[in-house]
Amino acid sequence: MKKLLLSASAIVAVAAISSSAFAADLPARPYTKAPAYTAPALVYNWTGFYIGGHLGGAFGDSNSLVGDSGRFMGGVQGGFDYQFATNWVIGVEAQYSWLTNSNTSLVFPNGTTITGGGNDQLGSVTGRLGYTWGPALLYAKGGYAWKDNNNLTIAALAPAVAVIDGNKKDGYTVGGGLEYMFTPNWSGKVEYQYYNFGNTTITSTAIPGGSARFNNDEHTIKAGLNYRFGWGGPVVAKY
């Protein structure tokens, strides 16, 4: 029995010595640096409803009913956007603007000059298609336009002898702009929009050769601010 115990003890001792020697021969464990932290990329979601306001200016051309001098404008807008195919945005927008009314000089072919007044309200319902990269959206728009033309008056021509033809309130509009989403719920934009309501002819028997045709249009440039309700979800992180 003693011989058996001594033999077992000798085997255990030899195994322990062998394990220690093997461990001493192993190379040191290399140090591995943790990978650098990479911040998640932001994905901007344009899908959802929005409302906002705008300020800017409106002007015509040298043959326009409103002349080529600028007028101040301000108003409100609202709409809905839908982002699809990763980088494309389609939407619809309604817009309403107030304009300061101003008088302009209307020159007839015979050199006669009279004073006229233009409209002071503009509205539109348009479709919108844009391409987005990151927080920026470049877009084009177009659709129906409306104006209030009740303020068109022709001074120095008596109503009984002055005929205004083609004084339409309905027309079309086209334009485009750049919008930038600077928070998940707020975006700002700069936009150009052209309104066309055809031509207006003014004829008066009180003036020899007193007939003239004028453009009935508006060019507008405005800056706007939109609050987005995030119906399609807030800005999220992409890993």
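A nonpolar core is taken here as a set of buried Ala, Val, Leu, Ile, Met, Phe, Trp, Tyr and Cys residues joined through side-chain atoms within 4.5 Å. In this predicted model, the largest such core has 8 residues: L65, L106, F108, I114, I202, I207, A212 and F214. Another core lies apart from it, with 7 residues that include A58, M73, A145 and F197. That fits a familiar trend, since nonpolar side chains in soluble globular proteins tend to be buried together.

F214 gives a handy way into the larger group. Setting aside neighbours within four places in sequence, F214 is in contact with N63, L65, L106, V107, N199, T200 and I202. Among these partners, L65, L106 and I202 belong to the largest core along with F214 itself.

Now for the overall layout. The chain holds 1 helix and 13 strands, and the helix comes ahead of the strands when the pattern is read along the sequence. Of its 239 residues, 37% are buried. As for how the chain folds back on itself, take the contacts between residues at least 6 apart in sequence: 68% of them join residues at least 24 apart.

The outside of the chain has its own nonpolar story. About 13,500 Å² is exposed, and carbon and sulfur atoms supply 66% of that area. Part of the surface is a nonpolar patch built from Y82, F84, W88, I90, L129, Y131, W133, L138 and L178, which together have about 880 Å² of accessible area. Three strands each give two or more residues to the patch, namely β3 (71–84), β4 (88–99) and β7 (121–133). The largest share, 3 residues, comes from β7.

Strand β4 is worth a closer look. I90, one of the patch residues, sits in this strand. Its relative accessibility is 43%, so I90 counts as partly exposed; the cut-offs for that class are 20% and 50%. V92 is also found in β4. With a relative accessible area of 44%, V92 is likewise partly exposed, because that value falls between the two cut-offs.

What does V92 touch, not counting residues up to four places away in sequence? The list runs to Y50, G78, G79, F80, V125, T126 and G127. Of these, G78, G79 and F80 fall within the span of β3, while V125, T126 and G127 fall within that of β7. Y82, a member of the patch, lies 10 residues from V92 along the chain, and the C-alpha atoms of the two are separated by 9.3 Å.

Note on methods
Residues are numbered from 1 along each chain as its sequence is written. This is a predicted model: local features need pLDDT of at least 70, side-chain atom pairs count only at pLDDT 80 or more; totals for chains, interfaces and linings use all residues. Side-chain values use heavy atoms; hydrogens and water are left out. Buried means under 20% relative accessible area, exposed over 50%, partly exposed in between (1.4 Å probe, protein chains only). Contact means heavy atoms within 4.5 Å. Helices (H or I, at least four residues) and strands (E, at least two) are DSSP runs, numbered from the N terminus. Accessible areas come from the Shrake-Rupley method with a 1.4 Å probe; for residues, only the protein chains shown count as cover. Patches are made of residues with over 30% relative accessible area and no salt bridge: like charges are joined within 9 Å, nonpolar side chains (Val, Leu, Ile, Met, Phe, Trp, Tyr) within 5 Å. A salt bridge is a side-chain nitrogen of Lys or Arg within 4 Å of a carboxyl oxygen of Asp or Glu.
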